[in-house]
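Me: Could you take a close look at one part of this model for me, the nonpolar patch on its surface? I'd like to know which residues make the patch and where they sit in the chain.

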Amino acid sequence: MGVFLFILSAAAQPDVQDVVRAKAFEVVGVDGKNMAKLGQLDNHRSGLVLYDTSGKVRTGLYTEGDGNPWLTLYGSNIASMCVLCITPDGLPILSLSDVSGSLIEMYYANDKNSPRMRLITSKGKLLFHAP
């Protein structure tokens with residue numbers, strides 16, 4: 001009886017691999033549309049991309065070719081987004097843009113290593129800068 005229970009418990013355990021290697025992983029929905037991709041995204045970036053139900057990119061966690069990490073959250077129209085990244089100098093940047101392309105950026109200046117903020121219109125006009 002003990003051998004029989006051992007065989008049943010061994011058969012019930014799924015085969016788990018220690019490492020799975022692939023160039024990319026893609027998750028698709030029942031409709032065949034991409035839901036997620038993990039791997040090399042283009043010649044310069046690798047990371048994880050999440051799509052909405054219509055197949056548009058909505059979230060990206062990337063590492064650029066130079067090693068800089070990026071987290072990007074896209075609005076449904078792709079023009080509005082939130083970006084958090086680290087520069088090659090190790091300084092953080094938070095960038096928020098709306099549908100019109102207006103931009104709010106918070107960043108550290110290389111020269112003084114102090115926090116800065118600026119607001120730019122969709123036409124590139126600087127509305128506010130501090131300090």
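**The nonpolar patch and its setting**

Reply: Happy to! The protein chain holds 1 helix and 10 strands, where helices (H or I, at least four residues) and strands (E, at least two) are DSSP runs numbered from the N terminus. Along the sequence the order is α-β-β-β-β-β-β-β-β-β-β. Please keep in mind that this is a predicted model: local features need pLDDT of at least 70, side-chain atom pairs count only at pLDDT 80 or more, and totals for chains, interfaces and linings use all residues. Residues are numbered from 1 along each chain as its sequence is written, and side-chain values use heavy atoms, leaving out hydrogens and water.

Now to your patch. Val20, Phe25, Leu38, Leu48, Leu50, Leu61, Leu71, Leu73 and Leu84 together form a nonpolar surface patch of about 730 Å². Patch members have over 30% relative accessible area and no salt bridge (a side-chain nitrogen of Lys or Arg within 4 Å of a carboxyl oxygen of Asp or Glu); nonpolar side chains (Val, Leu, Ile, Met, Phe, Trp, Tyr) are joined within 5 Å, like charges within 9 Å. Areas come from the Shrake-Rupley method with a 1.4 Å probe, and for residues only the protein chains shown count as cover.

At least two patch residues come from each of β3 (45-51) and β5 (69-74). Leu61 lies in strand β4 (residues 57-64), and its relative accessible area of 46% makes Leu61 partly exposed, the class between buried (under 20%) and exposed (over 50%).

For the wider view, the protein chain exposes about 9500 Å², with 62% supplied by carbon and sulfur atoms. Of its 131 residues, 21% count as buried.

Note on methods. Buried means under 20% relative accessible area, exposed over 50%, partly exposed in between (1.4 Å probe, protein chains only).
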